[in-house]
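Work through the exercises below with the sequence and the coordinates at hand. Each task is followed by a solution in steps.

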Amino acid sequence: MKLFQRYKQSASFGVIYSPNSNIIYDGNRCYCSILESVAIYDLKLGTCVDRLQEGTHNVTAMALHNRLLACGYANGTVRVWNLDTKTCTVFNGHRAPVSCLAFDAIGSRLASGSNDTDIVLWDIVAEAGLFRFKGHKDQVTCLKFLSGLNHLISGSKDTLIKVWDLTAQICVENVVSQRGEVWALDCVVDGEDITLFTGTADGQVRVWSLDPSVLQSKFEQQTTDSENPEIQKSIQLLGTLNRQGKDRVFTIKVHPDGEYIGVQGQEKMVEIFKRKTAQELKKTISRRKKRAKNNEEIELTIADKIPSYETIRFKAKVRSFDFSGVKIVAGLSNNSIEVFELTDDENKHRQLVTLDIAGHRSDVRSIALSSDDEFLASGSGDSIKIWNLRTNNCINTMDSGYVLCSAFLPGNKHFIVGTKTGDLELYELSSSSLLESVKAHDGPIWSLCLKPDKTGFVTGSQDKQVKFWEFRSVLDESYSKITKRLTLHHARTLKLSDDVMCVRISPDNRLLAVALLDLTVKVFYMDSLNFFLSLYGHKLPVISMDISFDSKIIITASSDKSVKIWGLDFGDCHKSLLAHQDAVMACQFVWGTYYFFTAGKDKMLKWWDAEKFEEIARLEGHQAEVWALAVGKYGNIVVTASHDKSIRVWEKTDDQFALQEEREEQLEKMYEDMEIQQDEQFADAIGAGVDGEKESQPVGNATKQTAESMKAGDLLLESILVWEKERVDFDKYEEMLSQNKEIARPPRDALVYKYGGTDQTPEEFVLHVVKSIRPSHLNDALLALPFSQVCSLFMCLRTWATTGTHIHLISRILTYLLQTHSAEIINTKHLQEPLEKIQTKLTDHIKAYRDTIGFNNSALQYLRRELDFQEVGFDDQPVEEEPKRKRVVVVSK
């Protein structure tokens, strides 16, 4: 059996900010999503200081509370990162991408909204889901906890704003005055007054007043007329703000101190509104009274109380922004971040920092590796960047035209590109300067190929011509009076009948292959340019091709999703492979082998064997179409560039695998996904509650079944079955031990050796397995147990409760089992005795825990009072006012 070395992603760079998620700034660090990871930037240094990554799905939402960072992903997963330890807690509860996240005031609970229209509340401390709210009929777009109240406000694309009572777990109020989809929501708390700001698809920012006393009274019906009872509403409309932009409101952010309100739409600006103080409002009223006639009463609108303060314009469309102090950080659609500061001068703002060096403004359309695989060049619509592959840093940026093809010249000191306008641009890397620009073709230059003898190169263009170029040296006084510089010399031209899509020269410098728009590949002799072969069979044009090291095989990649393998001796097609699920954009051989790589619009990079005509491996990682591909000299590295603006480096590792094992892993993953999809078919439909859908409960279970939770359930079931078998053997062993103390212990099951230890009792082994299950998966694992194994688990719980360890875990398991199987437990008589014993033991242990917590709480309150008393001594107050007070020094041993 042949073994292959596995390729794994070793680096990903080129992305500064992904518009899939919001941006967060805490005054010290900036947190933003870059595809499947989170980048942490130090804006003073202008560099990325850390990255958080786990999984392969895009980050779609973020929320920050102190040192906890919550991230929502495109597969519905929520991860809460501890920024100090760089560890994360995983929650699975949504069936669609997470659209918004919000922490409560103390950071112990997290609310997540999703495209599946559900809101899930998570307990961060217990690492478990609390409950799920079902009420919205479209994507949940924004969430906000009300400070000082146990309520949550949500906005949705169904045009509704809902207020949820987290204690009663019900929706207590609906706001239906919106005229479009609700996209943004935030609030200002000023004492007992709460002001709510909402942004909708009609471009208006509405301001509401929220009465906390009405929410706390739980909407008791106030009857003014016994026949017409009325329910008092807590949210009342105050008015709208005067915006410059008329487009959809995408983000509303309230400054931490409540002074400024930022509004961002789909344009290149962020509008800042400023709340007037009581003094400023009095001055406004007095000025208007002076202007008013007949002593009219002056009433200020909400637009007068919160006027427009400043409009900050950016270089590209703003996708997200955040406040901290007087700084505003915005993530732009062109893969950059800009930082502005609000000032008191005439301009009212100034630009501080722009992060744009570490990525292109548009898609990377061409990449090229140096001959020693040390440097990488990437070309986009307006620039060329040179990257050091050891540090993954951009070391050079040069302005250029729209790059379509590129290559390092021999010696790696020069770089040449073909552009969309038909120009050839020659750059010198040491001086980062453009040496020469030649109008080579009348149309886009789609392809460029160096000659094997390194004396020149060939270009193919849309103008139906293939041109041959040679390297020359010329003395240019503008460059140097002593040293000659490199120049390009046009040697000859091959005219063809259709647009040229790709050109390649065989390594023996004998043949020239030209792919045309008429779906064929023409092969010519290099010396005489006489026609040799015509390769036809593709249903759509060939986009890329390559020739093997021995000049015997040519592979062609086409928009028809296939890759064909041809022989260059007779032009026969050896094999046609359905390579990708979309157009194949690039293909290239590994030098010295018949292995080759292909990249396609289906986001995949695949590794193939051209001799056995089989797929070796598929490499997943890109989140969008892959445009370009470059393979290292001997296949040690592979580099790809994608529409997601990322450049990924895949490195060959020492990890070996066999093809059969790879196929089995792919099948196993496919079956797991199918099983999960079948289970989700019986769940409530997305948008439950809409017309035509079945009615669903407004509150449901927080978690969903995943492959990990299914594996956890299987493991728990196996461990309980092992316990049932071993408990019988150990009971017999203990009876025989009283008669013969030299008798050997019964043999342990193989599962005990794998997951536990032979010195553990059967009950300790089950407890070890339970502790190894993630808290977020524990409920699903318990739900998968048959009732007969649930009864066995109660016997284990009795033993655990007797020892007094892991009381919180025992209480959680017991509570969930009693809630889930209450009817069966009541009718099962043999469970009465263990449940009574568990109740007695747990009550004693919980009382002891309660006493310990009460004692610690009292001690902490005492220390707090002492610290407050010590701080009073630093105030500039006369000592005579409190002559009897003495400073108390607390010494901890």
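A salt bridge here is a side-chain nitrogen of Lys or Arg within 4 Å of a carboxyl oxygen of Asp or Glu. The model is predicted.

**Exercise 1. A salt bridge between two loops**

Task: Decide whether the contact between D363 and K645 is within or outside the salt-bridge limit, and state where the two residues lie.

Solution.
- Step 1. The N to O distance between the side chains of D363 and K645 is 3.8 Å. The limit is within 4 Å, so the pair counts as a salt bridge.
- Step 2. D363 belongs to the loop between β31 and β32, while K645 belongs to the loop between β57 (637–642) and β58 (647–658). The two are 282 residues apart, and the pair links distant parts of the chain.
- Step 3. Both D363 and K645 are buried.

**Exercise 2. A salt bridge from strand to helix, and its network**

Task: Describe the pair R6 and E662, then name the network that holds them.

Solution.
- Step 1. The closest N and O atoms of R6 and E662 are 3.1 Å apart, and the two residues form a salt bridge.
- Step 2. R6 sits in strand β1 (residues 3–13) and E662 in helix α4, with their positions 656 residues apart in the numbering, so this pair too is one that links distant parts of the chain.
- Step 3. Buried means under 20% relative accessible area. R6 has 18% and counts as buried; E662 has 8% and is buried as well.
- Step 4. For contrast in setting, take the salt bridge of R472 with E470, where the closest N and O atoms are 3.2 Å apart. R472 is partly exposed at 39% relative accessibility, and E470 is partly exposed at 26%.
- Step 5. Returning to the network: salt bridges with shared partners join R6, K8, D655 and E662.
- Step 6. The count of salt bridges in the model comes to 32.

**Exercise 3. A nonpolar patch**

Task: Which residues make the nonpolar surface patch, and where is M674 placed?

Solution.
- Step 1. L667, M670, Y671 and M674 make a nonpolar surface patch of about 390 Å².
- Step 2. M674 lies in helix α4, which covers residues 659–681.
- Step 3. The patch rule asks for over 30% relative accessible area. M674 has 39% and is partly exposed.

**Exercise 4. An open sheet**

Task: Give the strand order of the sheet that contains β46, and explain why β44 and β47 are edge strands.

Solution.
- Step 1. The order is β44-β45-β46-β47, an open sheet of four strands with antiparallel pairing.
- Step 2. β44 (500–505) and β47 (531–536) each have a single partner strand, so one side of each has no neighbour in the sheet. From one strand to the next the twist averages 20°.
- Step 3. Five bridges pair β46 (residues 520–525) with β47 in the antiparallel sense. Within the β47 pairing, V521 stands opposite L535.

**Exercise 5. Positive phi outside glycine**

Task: What are the phi values of D373 and K561, and is each residue buried or partly exposed?

Solution.
- Step 1. D373 is not a glycine, yet its phi is positive, about 60°. K561 is not a glycine either and has a positive phi of about 75°.
- Step 2. D373 is in the loop between β32 (366–369) and β33 (375–379). K561 is in the loop between β49 (553–558) and β50 (562–567).
- Step 3. With a relative accessible area of 19%, D373 is buried. K561 is partly exposed at 36%.

**Exercise 6. A polar contact of a histidine**

Task: Which side chain meets that of H349 in a polar contact, and is H349 buried or exposed?

Solution.
- Step 1. H349 is in strand β31 (residues 349–355).
- Step 2. Its side chain and that of E310 are joined by a polar contact of 2.8 Å.
- Step 3. The relative accessible area of H349 is 18%, so H349 is buried.

**Exercise 7. The whole chain**

Task: How many helices and strands does the chain have, and what are its overall figures?

Solution.
- Step 1. The chain has 12 helices and 59 strands.
- Step 2. Its C-alpha trace spans about 110 × 100 × 65 Å along the principal axes.
- Step 3. Of the 893 residues in the chain, 51% are buried.

Notes: Residues numbered from 1 in each chain as written. Predicted model: local features only at pLDDT ≥ 70, side-chain atom pairs only at ≥ 80, totals over all residues. Heavy atoms only, no water. Patch = residues over 30% accessible without salt bridge, like charges linked within 9 Å, V, L, I, M, F, W, Y side chains within 5 Å. Areas by Shrake-Rupley, 256 points an atom, 1.4 Å probe, with all protein chains shown as cover. Buried < 20%, exposed > 50% of the residue type's maximum accessible area, 1.4 Å probe, protein only. Pairing = 2+ DSSP bridges. Axes fitted to C-alpha atoms, helices over the stretch in contact; angles between N-to-C directions. Polar contact = N/O pair within 3.5 Å; in protein donor to acceptor, adjacent residues only side chain to side chain.
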